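Q: Hi! I'd like to talk through this one with you before I set anything up. Can I fire off some quick questions?

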Amino acid sequence: MKSLDLAESNSAHGLSVLLATARAEITKFFGLRSLTGLYVVGLVVTVGLGWLLGASAKASGENGIDSAMPAPLIVFATLQFGQLFFAAAAALHLTGEYSSGTMSSTLQAVPRRGILTGAKALVLGIFGFLTGLVLIPVATIPTALAAGRYGEFDLSKLFSASLGAGTYLALLSLMALGLGLLCRNSTGAIISLIALVIGLPQILGPIPIDWVQSMIQYLPTNAATFMATGASEPYGPVVAVVVLVLWGVVLLGSGMLMLKKRDA
Amino acid sequence: MTGLKQQKKHTVITLESLSNHYGTTRAVNQLSVEIHPGKVTGFFGPNGAGKSTTMRMILGLDAPTSGQALINGQRYDQLTYPMHTVGAHISGTAGHPGHTPRTFLRALAQSNRVPQQRVEQVLEESGLSSVATKRIRGFSLGMRQCLGISAALLADPDVLILDEPMNGLDAQGIAWIRQLMRNRADQGGTVFVSSHLMSEVQQVADQLILIGRGELIANATTQQLINEATEQVVTVRSPHASALAGLLTSRNLQFRVVDEQLIEVIGLGLQATGALAFANGIELHELSATHGSLESAYNQLTQESMEFSASSVERG
C-alpha cells in the first residue's frame with residue numbers, strides 16, 4: 001500500500017484506475033441475476049426466432065415464394081427484436097445503481113467520473129461485441145438446418161454478419177449506457193431505448209416527406225442492417241459504421257457530461 | 001487483522017467557506033472548520049441542518065456552490081484509490097438489492113485494489129459473515145448500516161466519515177461502532193461522525209461541531225460545551241414562578257418558562273438565583289443546576305438562529 005503515494009497520482013495512474021474499475025464493473029454485472037438473465041433470454045430468443053424464420057423461409061420457398069436469404073442474415077434480422085434484451089441489460093447495469101442509491105458508493109470508490117464512464121463503457125462494449133460475435137454462429141446452426149437450401153450461405157456472409165452484430169451490439173450498449181446516464185432511472189432509459197430502436201422507425205415510416213424518409217435511413221437499426229448485409233444503397237458498411245459510432249459518441253458523451261455536471 | 005496499519009497517516013480535513021445553495025435554500029453556508037486526527041469529531045445538528053450535504057461535498061458527491069473541502073490539501077477526486085485515504089458511509093447507500101454483501105464488497109475492493117482477503121475480514125468484523133451470500137434485498141436497516149460501515153473500513157483508511165451510523169442498530173451494533181471509532185482515533189485516525197441525536201454523539205465525541213440551518217454554531221471540545229451548559233442553566237420549581245419571572249425580567253436576566261411552576265434561569269448561577277428568590281420571599285420547591293446535558297447547551301446555542309428564523313418568517 002506504500003506505492004499508493006498520493007502525490008504522484010493523476011495521469012500516470014489513469015489507466016490502472018480504469019482497469020481496476022472495469023474489473024469491479026464486471027463483478028457487479030455478473031453479481032446480478034437480472035442482468036445475466038436478460039443476456040440468456042436474448043440468446044434464447046435469437047436462436048428461437050432464427051429457427052422460426054428459417055423454417056418460414058423454407059415453407060415459403062417450397063410454396064414458390066422466394067424469400068431465400070443466407071442463414072446468418074436471417075439471424076441478424078431477428079436481432080431487430082433480440083437487441084432489446086442486450087441493450088436493456090446495459091442500461092439497467094447503470095440505472096440500477098441510481099434506483100438503489102449505490103451510485104454514491106460507486107462514486108466514492110471512483111470519484112473521477114470520466115474514468116467511471118470509461119470503465120462501464122469498456123465492459124459493456126466488450127460484452128456486447130463478444131455476444132454478437134458468438135450469437136450469430138450459434139444461432140445460424142438451427143436456422144440453417146430449418147431453412148435447408150433456402151438459407152444457404154458462404155463463410156464470408158457468416159463472418160461479416162458476426163462481426164457486424166458484434167460491432168452493432170457493442171455500440172448499442174454504449175448508446176444504452178448513455179441513455180441511462182441521461183435518464184438516471186430504469187423506466188426512462190428502457191422507454192427511450194425502445195423509442196430509439198423500434199419506435200422512431202415505426203412512427204416516422206409512414207410520413208411521406210422526403211427528408212424524413214432519408215433521415216430514417218440513419219437510425220441505428222437501419223445503419224446496422226446496411227452494415228451487416230454489405231449494402232451499397234443508400235450507403236455502404238463503412239458509412240454505416242461511422243453512423244453507428246456517431247450515435248454512440250453523441251449519446252454516451254452527453255450522458256458523461258451530465259454525470260460530471262450533476263450531483264450524485 | 002494482518003497487514004492493517006497500526007498507526008494512521010496524519011490527515012486533516014479542511015472546509016473552507018464551504019457553501020451549497022440551491023435556489024434560495026442555503027443547505028450549507030460559509031462553513032469553515034478543520035477536522036483533526038487523533039480524536040472523534042461529532043457533527044451535530046437537527047435534521048436538515050446540512051450535515052449530510054457537508055459530508056457529501058467532502059466526498060465529491062455534491063459540488064459546492066462556493067468554497068471547498070480538502071483532505072490534506074487535496075480534493076477528494078484528486079485522490080488515487082481514495083478508499084485507502086477516506087472510508088465513508090453515507091446513510092441509505094449500501095449496495096444493490098440484487099447483490100450479495102460479498103459481491104458488493106468485492107467490487108469495491110477491486111476498484112481500489114484492496115486485497116480480497118479484506119472482504120472476508122470486514123464481513124467477519126461486522127458480523128455479516130453468515131449472510132455473505134444472501135441478497136441485500138432482504139436485509140434490515142441495521143444490517144445495511146453494518147454493510148455500509150464494512151465498506152468504509154475495507155481499505156483500512158486514515159479517515160473515517162460516518163453519517164448517522166447508529167440509525168437502526170441494536171445495542172450490540174452501537175457498542176461496536178463506538179469502540180471502532182474510539183480505536184481508530186486512538187491509532188491517530190481522523191473520525192468524523194454525524195448525528196441528529198445529541199445523546200449519541202455526546203458519549204463518543206471528543207470534539208463537537210454544531211450546525212444549524214447550514215451555519216456553524218459552535219466548534220469546541222465536548223467537555224467545554226458541557227461545562228458551559230451546566231454552569232449556566234439553573235432549574236427553579238416554585239408555586240410563585242411567575243413572580244420570579246417578573247423579577248428576572250425587571251433585572252434583564254435570561255430565562256425559559258418550562259411550565260407554570262418551572263423555569264430555567266440562564267447565566268445567573270445557583271447561588272445568585274437562590275439569593276434572589278430568598279430576598280424576595282419566594283417559596284422554592286427545587287433549585288438545581290442542570291446536569292451535563294448538551295441538549296440544553298445546543299438549545300441555548302441555537303436560540304439565536306431560531307430567533308433569526310422566526311423573524312425571517314414574520315418578514316416573509
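Q: What sign does the phi of B:Gly127 have, just after α3(B)?
A: Positive, at about 75°. Keep in mind that this is a predicted model, and the value is computed from it.

Q: Okay, and the helix before that glycine, which of its residues are buried?
A: Helix α3 of chain B covers residues 117-125, and B:Arg118, B:Val119, B:Gln121, B:Val122 and B:Leu123 are buried there.

Q: What do those buried residues of α3(B) pack against?
A: Two helices of chain B: α2 (101-111) and α4 (141-153).

Q: Switching to strands. How many residues of β8 in chain B are buried?
A: Six of the six, residues 207-212, so β8(B) is largely enclosed by the rest of the structure. B:Gln207, B:Ile209 and B:Ile211 point one way, while B:Leu208, B:Leu210 and B:Gly212 point the other way.

Q: Which strands does β8(B) pair with, and in what sense?
A: With β3 of chain B (residues 40-44) the pairing is parallel, over four bridges; there, B:Leu208 is the bridge partner of B:Gly42. With β9 of chain B (residues 215-221) the pairing is antiparallel, over six bridges, and B:Gln207 stands opposite B:Thr221.

Q: Nice. How many residues sit between β8(B) and β9(B)?
A: Two, and the strands form a hairpin. In that turn, B:Arg213 has a positive phi of about 50°.

Q: New topic: the two chains. How many residues are in contact?
A: 38 residues of chain B are in contact with 34 of chain A. Between them the chains bury about 3200 Å², with 56% of that on carbon and sulfur atoms.

Q: Which residues of chain B lose the most area to chain A?
A: B:Leu61, B:Thr80 and B:Gln110, which together make up 19% of what that side buries.

Q: And how many salt bridges does the rule find across the interface of chain B and chain A?
A: Zero.

Q: Last one, over on chain A. Which residues form the nonpolar patch on the surface?
A: There are A:Leu15, A:Leu19, A:Leu122, A:Ile126, A:Leu130, A:Leu133, A:Val134, A:Val138, A:Phe159 and A:Leu163, with about 880 Å² of accessible area together. Helices α1 (10-30), α5 (113-147) and α6 (155-183) of chain A each supply at least two of the patch residues.

Q: Which helix gives the largest share of the patch?
A: That's α5(A), with six residues. A:Val134 lies in this helix, and A:Val134 is partly exposed, at a relative accessible area of 48%.

Terms used. Residues numbered from 1 in each chain as written. Chains lettered and ligands numbered in written order. Predicted model: local features only at pLDDT ≥ 70, side-chain atom pairs only at ≥ 80, totals over all residues. Heavy atoms only, no water. Buried < 20%, exposed > 50% of the residue type's maximum accessible area, 1.4 Å probe, protein only. Contact = heavy atoms within 4.5 Å. Patch = residues over 30% accessible without salt bridge, like charges linked within 9 Å, V, L, I, M, F, W, Y side chains within 5 Å. Areas by Shrake-Rupley, 256 points an atom, 1.4 Å probe, with all protein chains shown as cover. Salt bridge = Lys/Arg side-chain N within 4 Å of Asp/Glu carboxyl O. Pairing = 2+ DSSP bridges. Buried area = accessible area lost by both parts, 1.4 Å probe.
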